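The following dialogue works through a single protein model. Each reply reasons from the model toward the value or name requested.

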Amino acid sequence: MSSSQNSLAHTADGKPDHASDTVIAKGITVLGDLRGAGNVLVEGTVIGGIRLDGTVTVARSGAVRGPIAADVVYVSGCVVGDITAKTSLHLEMTGSITGDVTMRSFTISDGSYFNGQSHMTESGAEPVILY
């Protein structure tokens, strides 16, 4: 995990800067849970949960089969599991989510797939993380 817990690196367009992230590379499968602080980029497969103080990005080639809990979540690949984002969840055009989502802000791009229930938290309220 990245050692930076106090700030998340972002590019000028607001997306996570992946220069110092932990990367699950394409072709790699991780079995088990990931926990910690920092940014994680999933280009391969994670079978298990991800609980992170930071940003989780599931790339177009990435897949997560399990729950995700993080400050910010970007989905361009496939997630089968519930997602809890403390601030925002971004479902990109190539992304798919099958599961319930809880967040303060939810952006859904045209062409994406979402099958589940969405629960919005009030500004300033912390979402309940169930795993």
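**Burial and strand pairing**

Student: What percentage of the 131 residues of the protein count as buried?

Tutor: This is a predicted model, and the answer is read from its atoms. A residue counts as buried when its relative accessible area is under 20%. Of the 131 residues of the protein, the share that meets this criterion is 44%.

Student: How many helices and how many strands make up the secondary structure of the protein?

Tutor: Read along the sequence, the pattern consists of β elements, written β-β-β-β-β-β-β-β-β-β-β-β-β-β. The secondary structure accordingly comes to 0 helices and 14 strands.

Student: Which strands stand at the edges of the open sheet that contains E4, E6, E8 and E10?

Tutor: This open sheet has 6 strands with parallel pairing, in the order E2-E4-E6-E8-E10-E13. An edge strand has a single partner strand, so one side of it is left without a neighbour in the sheet. That description applies to strand E2 (29–31) and strand E13 (113–115).

Student: By what angle are neighbouring strands of this sheet turned against each other on average?

Tutor: The value is an average over neighbouring strands of the sheet, with direction ignored. It comes to 5°.

Student: Within that sheet, which residue of E10 is the bridge partner of Val79?

Tutor: Strand E8 (residues 78–80) and strand E10 (residues 96–98) run parallel and are joined by 3 bridges. In E10, the partner of Val79 is Ile97.

Student: Why is strand E5 described as largely enclosed by the rest of the structure?

Tutor: Strand E5 covers residues 50–58 and is joined by 9 bridges to strand E3 (residues 34–42), which runs parallel to E5. A further 6 bridges join E5 to strand E7 (residues 68–75), also in parallel. E5 is called largely enclosed because the number of its 9 residues that are buried is 7.

Student: Which residues stand opposite Leu34 and Thr55 in these pairings?

Tutor: For Leu34, the bridge partner in E5 is Ile50. Thr55 stands opposite a residue of E7, namely Val72.

Student: Is Ala37 buried or exposed, and what is its relative accessible area?

Tutor: Ala37 lies in strand E3. Buried means under 20% relative accessible area, whereas exposed means over 50%. Ala37 is therefore buried, with a relative accessible area of 11%.

Student: How far apart in space are Ala37 and Asp71?

Tutor: Ala37 and Asp71 are 34 residues apart in sequence. In space, C-alpha to C-alpha, the distance between Ala37 and Asp71 is 10.0 Å.

Definitions and conventions:
Residues numbered from 1 in each chain as written. Predicted model: local features only at pLDDT ≥ 70, side-chain atom pairs only at ≥ 80, totals over all residues. Heavy atoms only, no water. Buried < 20%, exposed > 50% of the residue type's maximum accessible area, 1.4 Å probe, protein only. Helix = DSSP H or I, 4+ residues; strand = E, 2+ residues; numbered from the N terminus. Pairing = 2+ DSSP bridges. Axes fitted to C-alpha atoms, helices over the stretch in contact; angles between N-to-C directions.
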